[in-house]
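Me: I have a structure open here and want to go through it with you. Can we start with the ligand and then move around?

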Amino acid sequence: MDFAKELVLRMRQKNKSHVGYGLQTESEALVGHILQNMAKSPMPSFKTDKKNEKDCLRYRDEGNQHFVAGDDQEAIISYTRSLAYANTHQLMANARANRSAALYRKKMYKECIIDIQAALELGYPEDKRKKLQERGLKAMTKLNQDKDKDREDSEDSKSDEDHQNGTNGIESLIITDSIENGDKKDISDVEIKQEDDQDKFIKPRYLLNPEVMSVPYGPSEEAPANSKGLSIKYSEEYGRHLVANQHFKPGEILTVEKPYCWVIYRDKFYTHCHHCLEKSSCLIPCSQCPIAQYCSEKCRSASWKLAHHIECPVVNVLLNLLNVEEDKIRMVMKIIRLMITVTSGGKNIDDLRKDMAIAEANLDNRTAGFTDAGCLESTSARSALSLATNMTTRPLIGISAFACISALTAMLLATQTKFFGKKYQLAELKDVDKVPDIKFCGSIMLRACVITSSNCFSIQPEPGIKVGSGLYVAHSLYNHSCAPNTFRHFEGLTMITRAMQPLNPGEQVFTGYGADYSYMPLAKRKEKLMEEYYFDCQCPACVNDWPTYATILEKHVGSIRKNKQLVDRLKPYKQRLLNNKYDIEAVKQVLEILYSEPTVAKPCEEILHAVQYLRCYYLGKLHKSK
Ligand SMILES: C[S@@+](CC[C@H](N)C(=O)[O-])C[C@H]1O[C@@H](n2cnc3c(N)ncnc32)[C@H](O)[C@@H]1O
């Protein structure tokens, strides 16, 4: 493998561009070389994890045991697995009928009814139908009772109106008719559609006013997902980064962006939708594989069209082949998804080749990957492939490992799918120069490895729960600080970044890469940032070794309590919050005052409290959930 080593070295030496442009030739040669060697070597047989009765029954038994033990949540997950592996209508019906029992006990009546209806439609055995129908009618009664109770409790007259007008999805369906009029005794007559179930979570308060989701100063011309109040800059020290050119108040939005592409984490396969990443207890499986589950028909078909028709056979083989660390599997899932997205499912490989040539001709680091319209576009392949690669700072061994992963993935795409126009035999890849598309795409996947490893964000539709990972193009320009001046949260897959404190023109905006001073000691942060992102953080928390949150609170570090004048200035806002815990404007005023006061040292206990409040508000943690 001396040739491969030499190529990796050459890539490092040749890398003049900050974003790793100019390496296409070496990258193709490297991946092609590995691919060719793979094709010539004996490969293990590719096992796929197929739907089958044995696993279906195994998971059903497991679910039954959880159900008997009273652990309904685990029972639901096991029955979902059983459904995923079911390869006949009968087995599917059984899995859904069993899951409906656990859902009923968990008082998830809507989901229970959906499962019962599906089980009946799938031909649940005649002798057991009656019991299932009875459960369904009981669930409908309970659902109606809940609905009536909600109506009574509701202070929101608009929402009441919606219920009466029948505009509120499942809750206003014919359930009432079927029970009150007695003319629909069979639950299968009930028209409940899974895809209509939009009403799963209570929205955080700030979303009640749609105005508040727009960026101040309007969208930036250079990166439309960002506010115009942010500029893209480049420096040797920071690479590309974002700097405020206007004042932002705490809580104001800086960037709103959907992911360019995203994947679900493996440990969420049977609890969250493979497509929208929402949690669901009523998941339905991909018709082909046991891996992907969906919250609705709509998500299932959207995902199939978008990427899963290609991913389905490849990921399935991979999970069996790479019986190794989780992070490798994650990496492969990410690069396949990025590959599929940048080529529109393999249809635009030629266009991508031309686009990459245009992008590589631009040697200006600041505007790398800008579209012909002159912007870094959240939906553009050129922009997505221009993100930081850290090629010059990565260890050689890391680049080599990524090249092997890319070659393997290219080989699987070629042999397991028609991504390259037809399904190839492994032997056909022995002369890799004859299949230039495979070599080219392999090299794009090598780029995808280095880009995704330095730029992806965990997606947390529910605060604190990491469900998947996404590539957000404009957000990828945010540098890290261990004491960031912004914070991010999610509305579904959309990531929103807000100012955590007042931001003034000229200030760089920073996000956190999961190494916050508040909970992680300095040495650990340094190690993590160097290992994963290849830089030495010089933020104030690192330079001054700020204490962690626990110490700040315990020792009242930086507290303003002795500054009587300042305490008096803040009193009215404290009172406003005591009167109304949702008075977020009062918290913002507190932050404006604390940051404008030169005597306030950082870190400061009171600033921490105010910032925590602000974050909780936007993360929806101040709001009670159902
Ligand atoms: C998501 S990118 C951020 C944008 C990046 N600076 C660029 O040029 O595209 C992450 C990479 O930026 C660099 N970076 C992030 N924060 C940094 C900081 N505080 N100081 C220096 N470099 C930083 C590191 O190379 C890191 O791997």
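Me: Which residues come nearest to the ligand?
Reply: This is a predicted model. Of the 17 residues around the ligand in it, the nearest are H18, R240, N390, N479 and Y533.

Me: What does R240 put next to the ligand, and at what distance?
Reply: A backbone N or O atom of R240 is 2.7 Å from an oxygen atom of the ligand.

Me: And Y238, which kind of ligand atom is that one next to?
Reply: A nitrogen atom of the ligand, which lies 2.9 Å from a backbone N or O atom of Y238.

Me: What about N479, backbone or side chain?
Reply: Side chain: an N or O atom there is 2.8 Å from a nitrogen atom of the ligand.

Me: Changing topic. How many residues are in the largest nonpolar core?
Reply: The largest nonpolar core has 118 residues. Those with the most contacts inside it are L30, Y260, V342, F419, F420, I438 and L471.

Me: Which helix gives the most to it?
Reply: Helix α14, residues 396–416, with 11 residues in this core.

Me: Take I438. What is I438 in contact with?
Reply: Leaving aside neighbours within four places in sequence, I438 contacts L35, A410, A414, F420, Y424 and L429. Apart from the largest core there is another one, of 22 residues, and L566, V587, V600 and C604 are among them.

Me: Y424 came up there. Which residue lies over the face of Y424?
Reply: K422 does, at 4.6 Å from the ring centre. Another charge over a ring is at Y265, where the charged end of R330 sits 3.5 Å from the ring centre.

Me: How many aromatic pairs does the structure hold?
Reply: There are 13 aromatic pairs. One of them is F269 with Y270, and that pair is edge-to-face because the ring planes are at 75°, with the centres 6.4 Å apart.

Me: Why does 75° make it edge-to-face?
Reply: Ring planes over 60 degrees apart count as edge-to-face.

Me: Are F269 and Y270 buried or exposed?
Reply: F269 is buried, and Y270 is buried too.

Me: Which residues do ring pairs link into a cluster?
Reply: F457, Y472 and F490 are linked into a cluster by ring pairs.

Me: Now the acidic residues. Where is D115?
Reply: D115 is in helix α6, residues 109–121.

Me: Why does D115 count as buried?
Reply: D115 counts as buried because its relative accessibility is 0%, and buried means under 20%.

Me: What does the side chain of D115 make a polar contact with?
Reply: With the side chain of R99, at 2.7 Å. Not counting residues up to four places away in sequence, D115 touches R96, R99, S100, L103 and C282.

Me: And D55, which helix?
Reply: D55 sits in helix α3, residues 53–68. Its relative accessibility is 16%, so D55 counts as buried.

Me: Which side chain does D55 pair with in a polar contact?
Reply: R58; the two side chains are joined by a polar contact of 2.8 Å.

Me: Last one, Q589. Where is that?
Reply: Q589 lies in helix α20, residues 584–596. With a relative accessible area of 34%, Q589 is partly exposed.

Me: How far is Q589 from P250, in sequence and in space?
Reply: Q589 and P250 are 339 residues apart in sequence, while their C-alpha atoms are 8.5 Å apart in space.

Notes: Residues numbered from 1 in each chain as written. Predicted model: local features only at pLDDT ≥ 70, side-chain atom pairs only at ≥ 80, totals over all residues. Heavy atoms only, no water. Phe/Tyr/Trp six-rings, centres within 6.5 Å; stacked < 30°, edge-to-face > 60°. Buried < 20%, exposed > 50% of the residue type's maximum accessible area, 1.4 Å probe, protein only. Lys NZ or Arg CZ within 6 Å of the ring centre and 35° of its normal. Helix = DSSP H or I, 4+ residues; strand = E, 2+ residues; numbered from the N terminus. Polar contact = N/O pair within 3.5 Å; in protein donor to acceptor, adjacent residues only side chain to side chain. Contact = heavy atoms within 4.5 Å. Core = buried A, V, L, I, M, F, W, Y, C linked by side-chain atoms within 4.5 Å. Near = heavy atom within 4 Å.
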